[in-house]
Structures are given as C-alpha cells and as structure tokens.
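Here are some short exercises to work through with the model open beside you. Try each task before you read its solution.

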There are 2 protein chains.
Amino acid sequence: MSLIFKKNKREIKPLIVLFFFLAVTFCNAQNKIEHPNLILTKKGVEQIRKELGNIPIFDATLKAVKEEVDAEIALGIHTPIPKDYSGGYTHARHKRNFLILQKAGVLFQILQDEKYAVYIKDMLFQYEAMYKDLPVHPQTRSYARGKIFWQCLNDSNWLVYVSQAYDCIYDWLSKAERRKLEKNLFRPFADFISVKNPQFYNRVHNHSTWGNAAVGMIGLVMNDEKLIQRALYGIKDANLDPNAKDNDGGFINKNGKAGFLANIEEPFSPDGYYTEGPYYQRYAMYPFLIFAEGLQNVRPDLKIFEYKDSVLLKSVNALINLSDADGEFFPLNDGQKGMSYYSRELVTALDIAYHNGNQDPGLLSIAKQQNKVLLDDSGFSVAMGIKEEKEKPFVKKSINFRDGADGKQGGVAILRNNNLELVFKYAAQGSSHGHYDKLSYSVYESGDEVLQDYGLARFVNINHKGGGNYLKENKTWAKQTIAHNTLVQNETSHFSGKYEIGSKHHSEFYLFDDTNSDLQIVSAKENNAYPGTQMHRTLVMLKSEEYEKPILLDILKVNSAQKNQYDLPFYYMGQVMKTNFKYSPFPTLSPLGKDNGYQHLWKEAVGKPSSTNNSRLTWLNKGKFYSLTTITKETDELIFSRVGANDPEFNLRRDAGLIIRRPNTQNTLFVSTIEPHGNYSTVSEFAVNASSSIKELKVVLDTEEYTAVLITSLKGNSKLFIVANTNALKETKHRLKINNKNYTWFGSYYYN
Amino acid sequence: MSLIFKKNKREIKPLIVLFFFLAVTFCNAQNKIEHPNLILTKKGVEQIRKELGNIPIFDATLKAVKEEVDAEIALGIHTPIPKDYSGGYTHARHKRNFLILQKAGVLFQILQDEKYAVYIKDMLFQYEAMYKDLPVHPQTRSYARGKIFWQCLNDSNWLVYVSQAYDCIYDWLSKAERRKLEKNLFRPFADFISVKNPQFYNRVHNHSTWGNAAVGMIGLVMNDEKLIQRALYGIKDANLDPNAKDNDGGFINKNGKAGFLANIEEPFSPDGYYTEGPYYQRYAMYPFLIFAEGLQNVRPDLKIFEYKDSVLLKSVNALINLSDADGEFFPLNDGQKGMSYYSRELVTALDIAYHNGNQDPGLLSIAKQQNKVLLDDSGFSVAMGIKEEKEKPFVKKSINFRDGADGKQGGVAILRNNNLELVFKYAAQGSSHGHYDKLSYSVYESGDEVLQDYGLARFVNINHKGGGNYLKENKTWAKQTIAHNTLVQNETSHFSGKYEIGSKHHSEFYLFDDTNSDLQIVSAKENNAYPGTQMHRTLVMLKSEEYEKPILLDILKVNSAQKNQYDLPFYYMGQVMKTNFKYSPFPTLSPLGKDNGYQHLWKEAVGKPSSTNNSRLTWLNKGKFYSLTTITKETDELIFSRVGANDPEFNLRRDAGLIIRRPNTQNTLFVSTIEPHGNYSTVSEFAVNASSSIKELKVVLDTEEYTAVLITSLKGNSKLFIVANTNALKETKHRLKINNKNYTWFGSYYYN
C-alpha cells in the first residue's frame with residue numbers, strides 16, 4: 001500500500017477515497033468475525049476472568065491444565081518427522097502436541113500470559129515449515145494415509161484441536177503471520193484431508209465426521225466460506241466407487257451422502273443412538289459437539305443444536321444411558337472395555353450439551369463426578385451450575401433406543417432394576433465396526449459383568465500389540481457370532497459374517513414395556529441372519545419377593561426351514577461353583593471348531609443335561625453368586641468353553657463360556673433364567689444365599705401365537721408368563737386355554 | 001433355707017450365727033471374682049456408660065451391633081440338630097448363634113437392657129437341653145469330630161464366644177441356673193473338646209489354641225482352677241502317638257508339648273511371626289488375644305502380655321506388616337486371598353494389643369480404617385484414642401521376620417520401596433498348612449499382584465465347593481512346589497512333597513539389609529529340599545534414576561551332585577504384551593506332566609530363548625506394565641503354562657505362568673530382573689513407558705565365593721552388583737579382580 005502513497009496525492013485523491021471506502025467495508029466484513037469465536041467467545045472470556053478464583057471445579061481444572069502445559073513448554077517443542085503407527089513415538093508426540101496446543105490456546109485467553117501464545121506460534125511455524133514438503137505418511141496400512149499421522153483420521157484430529165489454538169491467538173498474530181500459516185499449513189492441510197482424500201472425507205462414518213469438523217473449524221476461524229460449505233455438505237463432485245471398502249471392511253460410500261449434516265442425519269437415530277455403538281459414539285462426540293459449538297457461536301442462524309429434532313443434545317443423554325453403574329460404556333460392537341464417561345470426549349460433550357441445551361441439572365451430577373470441565377464458555381456454565389449446587393442425580397432408567405436414521409432399523413434396549421442391568425442388541429449392522437450378534441445381550445450387576453459382551457480384540461494405542469491397531473483376532477473372534485450371547489446356527493456367523501449382507505439388514509422391534517418396574521420386557525425378531533430361519537427373543541426382568549434380587553427370563557424361539565445345529569452361548573464371568581448336571585472334562589484340549597470364531601474356543605468339558613430337563617450352572621464373581629437355569633433336551637450337549645485357542649500372540653483373554661448345543665433340530669425354544677443371588681466376603685468368610693431359588697422352569701405351551709412358561713420358586717410358588725408371539729398391540733384381547741384353564745388378558749403378554 | 005427357719009428360732013440361734021458367718025465367708029470367697037471379668041470389667045463398663053454418645057467410632061459400632069442383634073432376636077432362637085459341614089445350614093446357624101450371643105452379652109452390660117440377658121439365657125438353656133444327649137457330629141471327615149459342629153475346632157470357637165456371653169450375664173443368672181448350665185453344658189463341653197479329644201487339644205497347632213482358649217475362658221468365668229490349669233498347660237497324662245496325623249497331614253503331637261503357653265512358645269518366633277503363615281495367624285489371633293485379655297483381667301500376676309518378650313503384642317504388629325497396600329494378607333502357605341486386617345479377628349487383635357500394649361498410635365490409624373471397635377474395655381480405649389486424634393500413620397517398611405520358636409528356622413522377609421513389595425519365604429515348613437516352596441517369592445505393586453503366590457485351593461465356607469473345606473487340589477496343586485515362584489528339580493516337589501521330611505528342615509538365613517532404601521537385599525539358602533542340591537537365592541530391590549520405578553534383581557545359584565532338569569516358574573498376573581523370543585503355541589493342549597502339580601498345568605506354548613541370551617516377557621496388568629528379563633541359555637525352554645488341567649470341578653483359577661526350563665544341568669545360575677514400568681488407561685487410552693528400560697543383564701563372574709551381575713540400562717549406564725556367596729559378615733573386606741579391574745569393598749555385597 002505504501003507504494004500507492006508515493007504517487008501524487010492530488011491525482012489519487014478520489015482513488016484514496018474509494019480505497020478507504022472499500023478498505024473500511026472490507027475490514028468491517030472481516031471484523032464481523034471476532035476472535036476467539038469457536039469454543040471461547042470474547043464475552044465468555046470476560047465472564048470467566050471476572051469469576052476466576054470463585055469457581056472451584058473450573059479453577060481446579062485450570063490449575064491442572066496450566067501445570068500440564070507449563071511442563072510441556074519446559075520440555076521444548078518437538079515436531080518429529082512422521083514415522084510410526086499409533087503406538088509409536090512420532091504418533092504419540094504429535095498427538096500430545098495438538099492436545100497441548102489447544103490447552104495453551106485457552107490458557108492464553110484466560111490468563112492472558114503471552115508465553116502461551118508464543119509457544120503456539122512457534123510450534124505452528126515448525127509445522128508450517130515441515131508441512132510444505134511433507135510426503136504422505138510412510139506407513140501404508142490405511143485406506144487414507146495422512147501426513148502427520150498414518151491415517152487422515154488422526155490428521156483430522158490434529159486440525160480439530162489446532163484450529164482452536166489458532167483461534168485463540170488469531171488476533172495476537174500479525175496479518176502476515178496468519179497469511180503464512182494459512183497459505184502453507186492450514187489450507188493445504190484442510191485440502192489434503194478432504195479433496196485429496198475424498199474416500200476418507202466424503203462418507204457417512206466417524207472418520208469423515210472428524211474430517212468435516214476439521215475442515216469446518218479451520219474454515220470458521222479463517223472465515224473461509226468455501227471450507228465451511230465443504231464441511232457442512234461434503235465435496236460436491238467426488239465420484240467415489242460405491243463398492244470400495246475401507247480397512248475395516250466397511251463400504252466407503254454406498255449412497256453418495258457426505259458432509260457434517262449428513263453425518264448427523266444418517267448414523268444418529270431419532271433417539272440419539274449412534275449406529276456404530278457407544279465406544280465410537282464417544283469418539284465421534286468430540287468433533288460433533290465441538291464443531292457444533294463453533295457453528296453455534298459463528299453461525300447461530302444454522303441452529304445446529306436444533307438440527308434433526310435436537311439429536312446432538314439427545315445423543316449425549318443416550319451415551320450416558322449406555323453406560324453401566326461405574327459410567328463405563330457397554331462394549332457393543334467394537335468397543336474397548338473400561339472406556340467411560342470420564343473420558344475427555346465426554347467432558348466435552350457433556351459441557352457443550354449443558355451449555356447449549358436446556359441446562360439439565362442431571363448432567364451436572366455427572367460433571368461433578370468427572371471433576372473437570374472444559375476451559376471455555378460451556379465449561380464455565382457447568383462450573384457455575386455446580387458452584388450454585390444446581391445438580392440433581394442423573395437417574396439411569398430402563399430405556400429403548402431405536403437405531404437407524406429414521407429409527408426403524410431395530411435398536412438397543414436396556415432394562416434396569418436395582419443394581420441389575422440388561423443390554424439387548426437388536427440393531428442394524430453398525431457400519432464397519434459392527435459385530436454379527438443379532439439378538440445378543442449382556443448383563444451387569446453394580447457395574448460388574450455377569451454375562452459379558454467380549455468387546456473388541458485390540459489394545460488401543462499399545463504399540464506392543466499390532467501397533468495399537470485392530471488385531472486380526474478382532475475379525476476372527478470378536479466380531480463373530482459365537483463370541484456373543486446369541487444363537488449360532490451350524491457353526492456359522494450371522495450373515496455368514498459378511499458386512500455386505502449384514503449392512504442390508506436389521507432386526508425387528510417387537511415390544512418394549514418398562515411401565516411396571518416389577519415386570520419389564522423387551523422383545524425383537526431377526527429374520528435375515530440365517531436365511532430361512534426366524535429367531536424371536538423375549539427378555540423379561542422380573543422382581544418379586546420370591547427372589548432376593550431381580551431375575552431375567554430369556555425366551556428364544558427359533559423356526560427354520562430345515563434341521564440345524566444350534567449353539568447358544570452364555571459367557572458367564574467368574575468361577576464355576578456347581579452344576580446340577582454331570583460333565584466330563586477333556587484330558588487334552590482341542591479347539592471347538594475350525595472357523596467363524598470356533599477355532600478360538602477350547603473345549604474344556606462337555607456335559608449331559610440334567611434328567612430334570614432343567615440344567616443349572618451356579619458361579620461366583622466378585623463376591624456375588626449367579627445361577628443360569630435353562631430348559632434342556634436329552635440330546636443337548638452342555639459345552640464348557642474357554643477363549644484362547646489359535647491365539648499365537650496371547651491377544652485374547654482366557655474367558656469362560658457355557659454353550660448349549662442342540663443338534664439336528666428344526667423349530668425349537670430356548671428358555672432360561674439368569675438369577676443373581678447372595679454374596680460372599682473373603683474377609684468375613686460368610687457365604688449368604690449361595691444357591692438358586694428357582695425350583696423349576698417349564699414350558700406349558702408353545703405355539704406359533706403364544707409361548708407360556710411356568711416359573712416355580714423353591715418356596716413352591718408358581719408364576720405363569722405368556723407372550724403373544726405375533727401380536728404386540730397393547731389393546732388386543734387374548735384368550736387362551738392351557739391345561740383346561742382359561743386365560744384372558746389385554747396386550748402382548750401375561751404374567752401372574 | 002426357708003425350711004430351717006421354720007424350726008424354733010431360739011433353739012437355733014447359735015447355729016444361725018454360725019451359718020451366717022460361714023455364708024458370708026463363703027460369699028466373700030465367691031465374690032473375689034467379679035463379673036464381667038473377661039473382656040469387659042465392672043470398671044470398664046462404668047467408664048463406657050459414662051462416655052456413651054461421645055465416642056463416635058464406639059457409638060457407631062454399638063449402633064450397628066444393636067441393630068444386628070435386635071434383628072436376630074426378632075427372628076427367634078434356633079438351635080438345630082447338628083448335621084452339616086461348614087457350608088451348610090446347621091453349621092452356619094450355630095456359628096451365627098455364638099457370634100450373636102457374644103454380642104448380646106456386651107449389649108446387656110453396656111445398655112443394661114434385660115432383653116439381651118433373657119435372650120442369652122433362653123438360648124443357653126436350649127443348648128443345655130440339647131447338649132446332654134447330643135452324640136458326636138454325624139459328619140465323619142474330621143480327625144476330631146465335635147458335637148455342635150463337624151470338628152472340635154468349631155465347637156471350641158463356640159465356647160470361646162459363649163464364655164464371654166455367659167460372663168456378661170453371670171451375676172444376673174440365679175445360682176441354680178448357673179449350676180445347671182455349668183453341670184450340663186459348660187463342663188461337659190470343656191471336657192469333650194479337651195480330655196475326650198486329646199488328639200485335638202494337646203497339640204501345638206491353631207486348633208489347640210482355640211481349644212485351650214475355650215477351656216480357659218470358661219474356666220475363668222466359672223473360676224475353675226482345674227480348667228484354667230488344663231488351658232495353660234494341657235492335659236498332663238495324654239499319651240498320644242507321636243506319629244499320628246491330622247486331616248491336613250500334619251503330625252498330631254510330635255514332641256509332647258501342649259497347652260496355651262506352649263502354643264505361644266512354639267509357633268511364634270521371637271519377632272511375632274506365626275509359623276503357619278499370616279492367614280492362620282489371623283485366625284489364631286482371636287483365641288490368643290481374647291484369652292490373654294481374660295487372663296490379664298483375672299490373673300494379672302501371670303503377666304501374659306509380657307510372656308516370651310511380649311510376643312503376643314509383637315505378633316499383631318507382625319501381622320499388619322504381613323499385609324499388602326490394601327491391608328490384605330500375603331497368602332503364604334494355606335491362605336485365602338482377600339483376607340485382610342479388616343476381619344473381625346484383626347479388630348479384636350488390634351484393640352487388645354493397643355489397650356494392653358503401649359498404646360501405639362500407629363495401631364489407631366489401622367483401627368480408624370477398620371472403622372469399628374470391640375464393644376469392651378480395649379475397644380473403648382481405641383475409640384477414645386481416635387476421638388482424641390492420637391493416631392499416626394502405620395508405616396509398613398521393609399522387615400525381616402525370623403521363623404521358629406527360637407528364631408533360628410529361616411524366616412520371611414519383605415522388601416518395600418514406594419509402591420513395590422517383595423515377599424520372600426525362606427521359612428520352616430509351617431506345620432500342616434505349609435506349602436513346599438522354599439526360597440519362593442511374590443511381588444505386589446500398590447496392592448495388586450505382579451507375580452503371585454497361588455494361595456490355597458479352597459472356597460472357605462462355600463458349601464458348593466467340597467462343603468467349604470479344603471479341596472483335593474489344595475494338595476495336588478496349591479501345596480506343590482511348581483505352584484510357586486521357585487526352583488523345581490526333576491519335576492518333583494521339595495522334600496518329595498512329604499510333610500514328615502519338610503517339617504524336619506528349614507531354609508537358612510544368609511543376609512538381610514534394608515539400611516539403604518535404594519538398595520535393599522535379602523538372601524537365603526536351602527540345602528535340604530533336594531538332597532545333594534544347594535540353592536542360594538539373593539533378591540535385591542534397586543531404585544535409581546535409570547528406571548521409573550524400583551526394580552528387582554533375582555539371583556538364584558544352584559549346585560548339585562548330579563545333572564538335573566530345573567524349572568523356574570514366574571506366575572505373572574495379566575496379559576502378555578510382548579516377548580523378545582520366538583515361541584510356538586500348541587494346536588491342542590496337554591498337561592505339562594503327570595504328578596506333583598504338573599498335571600494341573602496346560603502347556604500353551606513353548607519358546608526358544610532369544611539369541612541375545614536375555615529373554616524378556618512384557619505384560620500388562622490393571623493398567624501397569626511389567627517386564628521380566630532373564631539370562632537364558634540356548635538349550636533352555638520357555639514354557640507358557642496355564643493352570644486348569646485335570647481340574648474336573650473347576651476348582652482352580654485359569655492363571656498364567658512362564659517357566660524357564662533348563663534341562664540336563666548340574667550347577668547353574670538363574671539371573672532375572674522384575675521391572676514394573678509405565679501405565680495404561682482405558683479412559684485416556686494413553687500408553688506410557690510401555691517397554692523395559694533394561695538393555696542387558698550379564699553375568700561377569702560366578703564362582704563359589706562370588707557372583708557378579710552387570711545391569712545395563714537403555715540409556716547405556718552399567719551398574720555392577722556383586723554378592724559374596726559364602727561370607728555374609730558386614731566387616732569382612734573383599735578384594736576381587738574382574739576383567740582385569742580390581743574391586744574392593746566391605747561387607748557381603750557390592751553395587752556401583
């Protein structure tokens with residue numbers, strides 16, 4: 001500009017006027033965007049600074065974050081040339097960098113200490129210097145290799161976090177510095193993970209959600225409408241092969257949908273259930289909510305939190321409900337056990353949902369357990385809420401989540417009574433992270449597993465184990481049907497274990513009723529897992545004075561066009577105490593089968609059913625007793641299995657199972673109860689109520705229309721449960737004669 | 001008496017005077033013994049009543065006990081005809097009865113509510129009515145069957161507790177009631193468990209301690225000198241076969257010693273270590289201390305708490321030191337894991353030791369964790385101490401306990417640094433509950449097992465499992481050498497697994513030094529486990545800046561008269577992360593051997609040592625990483641084992657082990673390090689310091705006199721450790737040339 005002014009002033013006066021007019025207009029346009037504006041706002045920062053020292057949980061988090069960042073600053077800046085998979089040094093270092101950059105950003109805003117801005121600037125320029133000439137990452141395993149990391153996914157993580165840091169020092173940087181960073185680092189970075197990798201970016205998948213958020217957030221900071229549009233709606237002209245697949249075997253893009261809004265639209269059901277399952281929902285929550293918060297601040301007109309009937313806010317509630325008594329997520333599909341609502345992603349999700357939603361006091365009680373908050377406007381809201389003692393307990397009740405964008409692709413139901421929790425999965429495939437386990441369930445008592453879902457076969461980020469990535473046993477064992485508490489036909493997995501087939505189908509909701517806490521029920525059907533075979537599973541959580549704790553009734557009705565071998569496993573956790581049936585241990589152990597997960601099970605012993613036709617296993621786990629009572633046929637085999645065969649690298653846990661094997665059978669019925677009872681203390685050495693209180697289970701009727709089971713307690717009291725198999729309507733009146741006695745009732749089930 | 005007074009008053013006046021004189025004299029003699037006098041005293045009761053409501057922990061315990069007893073009173077009195085083993089109803093009911101009777105007794109004294117006295121009286125008379133004609137218990141498994149219970153041991157438990165109840169209502173009962181109870185119940189009861197069962201009573205064994213205390217306590221209450229003498233000194237003329245054995249395979253009475261004092265004298269070492277191990281020490285503490293307290297109150301002249309240099313008081317301290325960071329006892333010999341200083345026996349032991357010892361403020365901190373006290377004079381002392389905030393932390397340090405009555409039969413050493421604990425056993429056999437595991441050790445971090453001692457094979461009081469008694473796998477597996485982290489020669493157990501031989505020998509103390517917390521050392525030798533073979537194991541706990549946490553160096557030197565196969569197992573807890581050696585899993589599993597515990601191990605995989613001769617296993621347990629690095633020879637086999645073969649009733653846990661097998665070797669040296677490092681969180685999914693920091697272990701010298709090991713860290717720093725194998729004297733000056741370098745030092749070891 002200075003060059004212009006060297007010309008004759010008079011000559012150019014009109015030009016100058018015009019120029020200033022344009023410049024002011026331009027600057028105004030620019031200034032409409034204040035910084036920070038993503039997760040912190042100018043107003044928010046002012047409020048926070050005013051209250052500092054008076055908001056205990058915020059102050060404590062701030063102190064911890066400051067200590068962490070100061071320690072990192074003292075260690076110096078390291079941006080090594082990318083080399084490793086997720087368990088290795090360069091991966092861990094770059095991951096740490098982006099986490100610290102984000103934190104340094106908020107510290108700069110809140111504490112207004114320039115050292116944090118300097119640290120961010122220096123590191124950003126190191127990245128800027130490196131990124132220009134950086135080739136694609138040397139590790140080749142990913143379908144979409146990144147540059148900083150081995151996959152674009154992690155590069156996107158980087159940009160989501162670093163955008164926030166950049167936002168925090170945006171105004172502090174000179175225009176020239178910003179221009180350099182944007183030209184050499186941020187724009188090429190955003191382009192690389194999007195237009196250069198459409199197979200990664202243009203999908204409906206948690207990977208793409210990260211990609212969309214990354215591009216969108218840097219777009220918001222830079223006020224780059226092109227990037228924002230690309231974030232919201234995807235790449236318009238990406239022509240992807242609809243049959244291409246990613247590393248996990250999932251389709252890249254079957255239907256052409258893409259962009260952040262499509263990623264909200266598709267995987268979330270109207271109830272806020274995310275089709276991949278809670279572990280990945282947790283992972284995806286961060287980009288969903290952090291980008292939504294940015295949009296809310298910069299583009300409030302989009303009303304992103306109201307999008308699809310406020311599904312983003314609902315999803316936070318859903319996720320909390322998908323955790324056990326300890327806050328650990330149920331490991332449906334690929335899920336690492338132990339991941340919980342104490343994770344940083346859930347701190348983020350919860351704070352943002354509280355701040356941008358209706359300030360649910362239940363969320364505050366979870367935030368209080370988390371004992372940390374985001375150092376931003378939403379974290380401030382939460383901290384103030386806790387300070388003002390607004391919290392109320394978050395009561396996790398029985399709940400049914402529909403799956404599918406329209407809520408019509410089956411679902412996941414949780415029944416809860418006292419300390420007992422049942423998790424029933426009758427959902428869609430759950431994209432590439434889905435397991436082949438239609439109508440499977442798991443059971444928890446007080447946060448301890450009673451019947452487990454194995455979860456994934458992976459040690460996330462532990463380099464020793466396949467670089468911290470998915471292990472091959474995830475496919476050969478963890479995803480297979482036999483790894484779950486559900487029916488296996490002829491030793492094959494549902495949908496032949498094929499994603500192409502599984503992703504076309506879902507189970508069918510039949511019934512859910514939690515209105516009576518003493519009798520809660522869920523029921524669903526599966527007609528496609530094995531062509532020609534229909535499965536219908538009904539689970540009832542009963543509470544009565546006959547039994548110390550709630551018990552579970554499990555009715556699985558199977559109809560098939562031909563005779564099959566059926567295996568129904570129960571992965572009980574703990575040590576065998578007693579059986580009422582005889583079994584023979586094997587002197588040497590062989591795998592139970594050759595394929596479909598069976599090759600990973602040792603056959604420890606095989607039993608013949610009790611002559612009473614009620615076979616029972618009682619076990620002990622963590623000081624509590626449990627009994628499985630199941631109606632068996634004379635020709636059944638009861639197989640004691642143990643995970644761990646064909647496991648050459650000790651990747652699997654040596655967990656136990658009991659498999660009910662029913663050979664050469666066409667239509668059949670499996671009826672079982674899971675009964676928690678009693679306790680044992682290794683300190684007092686008292687064993688209380690160590691035995692089942694069930695005397696007998698008996699099927700008194702089983703037709704196409706009705707199945708009736710009589711449960712008799714040791715005290716001698718009998719209760720009859722009838723389920724209508726073909727009519728779930730509440731208003732229907734049923735009449736039925738069993739053993740010359742007439743039963744009449746309204747609705748899909750009877751119990752008395 | 002009233003009949004007398006119907007005669008002519010004048011005639012009998014002198015007689016009356018004489019009568020009254022005699023009566024008063026008689027009554028005075030009787031009154032010398034006040035009641036209560038065992039665990040409560042008249043003075044104590046007065047003090048307690050005065051402070052009620054002002055001693056929080058006592059008041060809280062009182063409230064809990066009152067609720068418990070009131071609930072039992074409401075349920076009515078049940079004294080079923082004895083029938084069951086320890087897991088069954090009649091056993092549990094009678095056990096509950098005696099526990100409740102004792103509690104009702106103290107409630108009567110403290111609350112002075114007669115309903116408790118009435119309850120006790122009524123139940124005692126039900127027992128009185130039953131006992132007279134009660135045959136010996138119908139279950140026949142015990143070498144000394146009781147009447148109320150299947151073994152005299154439990155009958156003795158009954159009397160120890162019921163004596164206290166009787167003491168509390170003694171004065172409240174009429175003389176006639178007392179006479180009836182004593183004649184028909186207490187005296188025959190005391191005789192049955194003593195003179196009628198000398199094989200139970202006249203031993204040095206925890207069984208007899210209970211018997212002695214039972215007889216002695218009822219003797220103190222009844223002021224029966226004969227019983228008291230029998231309690232203190234045993235039955236004088238019991239001629240027992242010195243070769244007879246009990247159910248556990250232990251000798252009944254080898255040396256003729258008997259009585260309470262002999263039971264203090266023999267099994268306790270001068271350091272307060274009880275030869276059977278902490279689990280049984282805990283069990284025995286109750287009769288030892290409760291009877292001692294009674295003696296202290298009634299026979300203070302005996303100075304029982306000063307007996308054998310105050311060994312009873314020392315033993316309480318020893319027991320607390322024999323627990324891990326969670327207060328759980330190390331399961332040396334037969335010990336059920338999970339038993340801890342929160343048990344009722346330890347509440348008793350600690351309160352009595354505090355009250356009758358020197359009021360150690362460290363004990364108060366444990367009492368505060370226990371959060372309950374005895375409702376008696378000693379519990380009152382503790383409660384007052386806590387109220388007055390006298391407690392100081394009980395710091396568990398490294399400690400060496402000598403075993404044997406004279407302290408000369410080996411011992412048990414514990415090395416501690418930060419959160420790491422090593423438990424090294426070089427003790428005597430430990431009577432019939434002893435395991436064949438000379439020079440074995442186990443390792444703990446923060447209360448979690450790193451290398452485990454299997455403990456016992458029993459589910460105490462769980463009826464499902466062999467009536468709650470010892471399972472046969474206790475003998476065939478848990479006691480065997482291969483079940484422990486120590487050397488097995490030619491697949492046989494120490495002393496051929498024979499109690500007769502094992503009980504004649506003990507390991508030899510060589511060295512213990514904990515003066516330098518950065519280098520703590522213990523060393524011992526075993527010359528009798530395998531005739532002709534000498535083992536010398538030296539364990540060093542090192543802390544240095546090279547390693548994140550303390551590490552353990554394990555040097556096991558073996559000399560033998562002939563060539564042998566040596567197996568050295570490491571029962572690591574957790575999941576294999578990585579090895580630096582190749583191994584092949586077995587496609588089917590077979591037991592590792594046929595006998596001596598080997599029949600219970602599955603052979604999962606076998607490896608060949610790393611070509612570097614440093615073989616390494618890294619594993620993960622409860623969020624922490626560990627590495628075992630061991631110097632191997634080319635011909636060694638590395639066997640991955642799993643407990644559970646030949647286990648037809650699922651009595652054993654499926655725990656892992658790594659066995660170093662060295663075939664066809666005469667003299668040899670095993671050198672290993674156990675290195676805890678890093679951590680992993682399933683919430684943050686960060687894996688920190690997941691690999692060993694040891695580059696190399698190298699033996700640079702190994703002669704009869706010296707063994708020298710060089711430890712080189714990944715950072716490249718080397719440290720030399722030398723142990724003098726034949727001279728443990730501190731003052732000796734050693735000179736040694738290794739690789740042309742001279743080393744000179746004082747004392748038994750060198751490190752630099």
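**Exercise 1. Find what covers helix 16 of chain B, and decide how enclosed this helix is.**

Step 1: look at the surroundings. The cover over the buried residues of helix 16 of chain B includes helix 4 (56–75), helix 14 (307–321), helix 15 (344–356) and helix 17 (377–387) of chain B. Helices here are DSSP runs of H or I with at least four residues, strands are runs of E with at least two, and both are numbered from the N terminus. Contact means heavy atoms within 4.5 Å.

Step 2: list the buried residues. "Buried" stands for under 20% relative accessible area, "exposed" for over 50%, and "partly exposed" for in between (1.4 Å probe, protein chains only). In helix 16 of chain B the buried ones are Gly362(B), Leu363(B), Leu364(B), Ser365(B), Ile366(B), Ala367(B) and Gln370(B).

Step 3: conclude. Because 7 of the 10 residues in helix 16 (residues 361–370) of chain B are buried, the helix is largely enclosed by the rest of the structure.

A note before you go on: this is a predicted model, where local features need pLDDT of at least 70 and side-chain atom pairs pLDDT 80 or more, while totals for chains, interfaces and linings use all residues. Residues are numbered from 1 along each chain as its sequence is written, chains are lettered from A and ligands numbered from 1 in written order, and side-chain values use heavy atoms, without hydrogens and water.

**Exercise 2. Describe the two ends of helix 16 of chain B.**

Step 1: at the N-terminal end, Asp360(B) acts as a cap, with a side-chain oxygen 2.7 Å from the backbone nitrogen of Gly362(B).

Step 2: just after the helix, Asn371(B) takes a positive phi of about 60°.

**Exercise 3. Work out the setting of His494(A): is this residue buried or exposed?**

Step 1: locate His494(A) in the loop between strand 6 (488–489) and helix 19 (499–502) of chain A.

Step 2: check the accessibility. His494(A) has 0% relative accessibility, so this residue counts as buried.

Step 3: look for partners. A polar atom of the His494(A) side chain lies 2.9 Å from the backbone oxygen of Leu487(A). Beyond its neighbours within four places in sequence, His494(A) is in contact with residues including Tyr436(A), Asp437(A), Tyr530(A) and Met535(A).

**Exercise 4. Give an overview of chain A.**

Step 1: chain A has 19 helices and 27 strands.

Step 2: of its 752 residues, 62% count as buried.

Step 3: the C-alpha trace of chain A spans about 110 × 55 × 50 Å along its principal axes.

Technical notes
A polar contact is a pair of N or O atoms within 3.5 Å; within protein, one must be able to donate a hydrogen and the other to accept it, and residues adjacent in sequence count only if both atoms are side-chain atoms.
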